[in-house]
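Here are my notes for you, written as numbered points. Keep the viewer open and click along as you read.

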Amino acid sequence: MSEPIAAIASGGDRSVFGIIRMSGDGCFSICDQVFRANNGRPFSRQAPRELVVGLLLDSQSRPIDQVLAVRFPGPRSFTGEDYAEFQCHGSPVVMDEVLQALFAAGMRQAGRGEFTKRAFLNGHLDLTQAEAVVDLIESETAAAARNAVAQLEGVLRQRAGAVYDSLLDIASRFYAVVDYPDEDIADVQREDIARTLTAAEQGLAQLLATFRRGRVLRQGVPTAIIGRPNVGKSSLLNALVGYERAIVTGIAGTTRDTVEEKAVVGGVLLRLIDTAGIRDTGDTVERLGVERARAAAEEAGLALLVLDGSQDLTAEDEAAVQAAVQAGSQIVLVNKADLPQKVDLAALRDRFACVLPVSAREGTGLEALEAAVAGLFPAGEPGQLLTNARQAEAVSRAVDALRGARQALDSGMTPDAVLTDTEGALHALGELTGRTLREDMVARIFERFCVGK
């Protein structure tokens with residue numbers, strides 16, 4: 001039995017439409033009390049999965065709003081239990097009145113994530129799919145949304161599940177032979193174990209290697225904009241975010257602290273940090289800003305090194321170069337391309353893999369920057385990426401366990417010792433998706449029995 005719950009599913013801001021979700025035992029009978037359909041039938045007798053027009057009523061049977069309502073009988077629903085939605089007008093006052101009417105009729109406020117939790121507990125989602133719901137809601141780029149949708153459709157579950165099933169097959173065959181010697185079950189061969197362990201380890205290692213790209217999709221790339229004063233760093237920030245986020249003047253040292261903003265460049269979310277111009281200064285505040293600029297570069301996944309193409313390179317430019325190379329990757333932007341150029345692009349390209357002439361003021365050259373960023377941080381195949389530390393940690397433990405199992409096999413240890421580490425890998429993969437090893441092992445063992453046993 002699951003108690004009936006209700007919650008606003010469309011956010012609390014004023015909008016054209018608002019959605020109230022409900023789920024649990026007795027959900028439909030409670031909806032009968034607060035909803036009066038125009039066709040005269042009670043809500044519980046409306047056709048499943050068809051929208052119907054009617055009035056929502058408060059606890060005193062006074063109209064709240066004219067709405068669309070739909071019911072999804074379990075188990076063919078999102079949560080796997082009786083589930084309903086009211087689509088009303090998006091006034092926060094209206095939606096709150098609807099909730100109060102439902103609470104008065106016997107529902108309670110749903111907890112955070114409770115609808116998705118029920119879907120998981122009822123076997124409609126695994127853990128990777130449940131996490132994909134959050135990833136989809138919080139996605140800030142099209143690539144992140146595509147990856148989340150693919151995971152919600154089960155792509156990651158299927159990839160991990162294929163490895164899980166291959167290991168489970170080996171382990172269950174061994175235990176079936178040992179525990180039920182009278183059954184006609186083929187013994188597990190050492191070559192089969194070695195082949196399965198090697199393929200599983202390689203497959204999971206490849207999956208683990210996707211975590212860096214998955215984290216970029218979900219969180220973005222910390223990106224430091226580095227350069228000496230007055231090369232156009234703040235102008236570049238403004239051009240990328242599309243509005244005047246940072247103050248731009250001709251006075252050196254205007255930016256004295258880091259200014260942070262997000263922008264999607266080449267389909268990649270960049271967490272931009274506009275830093276103070278790097279130079280030696282006697283100004284205490286500006287000197288602190290320069291120190292923060294160097295620290296930002298050290299922690300960044302990408303440095304956008306901005307140089308003034310209309311002037312010869314200076315010692316301060318070289319200091320900015322030394323700061324930028326501390327980042328994970330670098331793109332050199334030779335700014336002020338709309339002015340006569342003095343910087344030798346060929347010489348710079350001997351030192352850096354990516355050198356692009358741009359004009360932050362005119363907005364030219366930014367298309368090439370987008371292509372360069374997209375090349376540095378490819379999105380990968382949707383759904384195939386680990387996107388959070390929990391997933392990566394579980395896969396990492398599985399890889400370590402498989403490596404131990406393979407080493408034990410190579411050293412001549414008996415299969416039961418090898419399978420101890422194999423079960424460790426199965427437990428770790430079970431944590432990734434939410435599968436339970438004991439139940440799966442028992443089911444797989446008895447699948448090998450003859451019919452009638």
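1. Let's start with a quick one: is Asp308 buried or exposed? Asp308 counts as buried, because its relative accessibility is just 1%. Keep in mind throughout that this is a predicted model.

2. Asp308 has a partner. Its side chain meets that of Lys336 in a salt bridge, 3.2 Å from N to O. Asp308 sits in strand β11 (residues 302-308) and Lys336 in the loop between β12 (329-335) and α12 (345-351), so the pair ties together parts that are 28 residues apart in sequence. Lys336 counts as partly exposed, because its relative accessibility is 22%, whereas Asp308 is buried.

3. Now step back for the overall picture. The protein chain has 453 residues, and buried ones make up 47% of them. Go along the chain and you'll pass 16 helices and 13 strands. Take the contacts with a separation of 6 or more: 67% of them are between residues 24 or more positions apart. As for the outside, the accessible surface comes to about 21700 Å², and carbon and sulfur atoms account for 51% of that.

4. How many salt bridges are there? The count comes to 21. Another one to look up is Glu318 with Arg351, where the side chains meet at 3.2 Å, N to O. This pair links distant parts of the chain, with Glu318 in helix α11 (residues 315-324) and Arg351 in helix α12, 33 residues apart. Glu318 is partly exposed because its relative accessibility is 29%, and Arg351 is partly exposed too, at 44%.

5. Some salt bridges share partners, and in this way Glu3, Glu81, Arg108, Glu114 and Arg118 are joined into one network. Zoom in on one link of that network: Arg118 forms a salt bridge with Glu114, and the closest N and O atoms are 3.2 Å apart. Both residues belong to helix α3 (residues 114-121), where they are four residues apart, about one turn of the helix. Are these two charged residues buried or exposed? Arg118 is buried, because its relative accessible area is 9%, and Glu114 is buried because its value is 12%.

6. Were you hoping for a disulfide? Searching the whole structure gives zero of them. Take Cys27, which is in no disulfide: the nearest cysteine sulfur belongs to Cys31 and is 4.4 Å away. A disulfide needs the two sulfur atoms within 2.5 Å, so that pair doesn't qualify. Cys27 is buried, because its relative accessibility is 0%. Cys88 is buried as well, because its relative accessibility is 2%.

7. Next, go to helix α14 (residues 389-410). How far does this helix of 22 residues reach? From first C-alpha to last, α14 spans 31 Å, close to the 32 Å expected at 1.5 Å a residue. At the N-terminal end Asn388 acts as a cap, with a side-chain oxygen 3.1 Å from the backbone nitrogen of Arg390. Just after the helix comes Gly412, with a positive phi of about 90°. The buried residues of α14 include a run of alanines to click through, among them Ala392, Ala394, Ala398 and Ala401. Val395, Val399, Leu402 and Leu409 are also among the buried residues, and so is Gln391.

8. Helix α14 turns up again when you look at α8 (residues 211-219). Which residues of α8 are buried? They are Phe211, Gly214, Val216 and Leu217. The cover over these buried residues includes helices α5 (142-152), α7 (190-208) and α14, together with strands β8 (221-226) and β10 (268-274). After α8 comes Gly220, and its phi is positive, near 90°.

9. One last stop, in helix α7, which is part of that cover over α8. Asp192 has its place in α7. Which side chain does the Asp192 side chain make a polar contact with? The partner is the side chain of Arg195, at 2.5 Å. Leaving out residues up to four places away in sequence, Asp192 touches Ile170 and Arg173.

Conventions
Residues numbered from 1 in each chain as written. Predicted model: local features only at pLDDT ≥ 70, side-chain atom pairs only at ≥ 80, totals over all residues. Heavy atoms only, no water. Buried < 20%, exposed > 50% of the residue type's maximum accessible area, 1.4 Å probe, protein only. Helix = DSSP H or I, 4+ residues; strand = E, 2+ residues; numbered from the N terminus. Contact = heavy atoms within 4.5 Å. Areas by Shrake-Rupley, 256 points an atom, 1.4 Å probe, with all protein chains shown as cover. Salt bridge = Lys/Arg side-chain N within 4 Å of Asp/Glu carboxyl O. Expected span 1.5 Å × (residues − 1). Polar contact = N/O pair within 3.5 Å; in protein donor to acceptor, adjacent residues only side chain to side chain.
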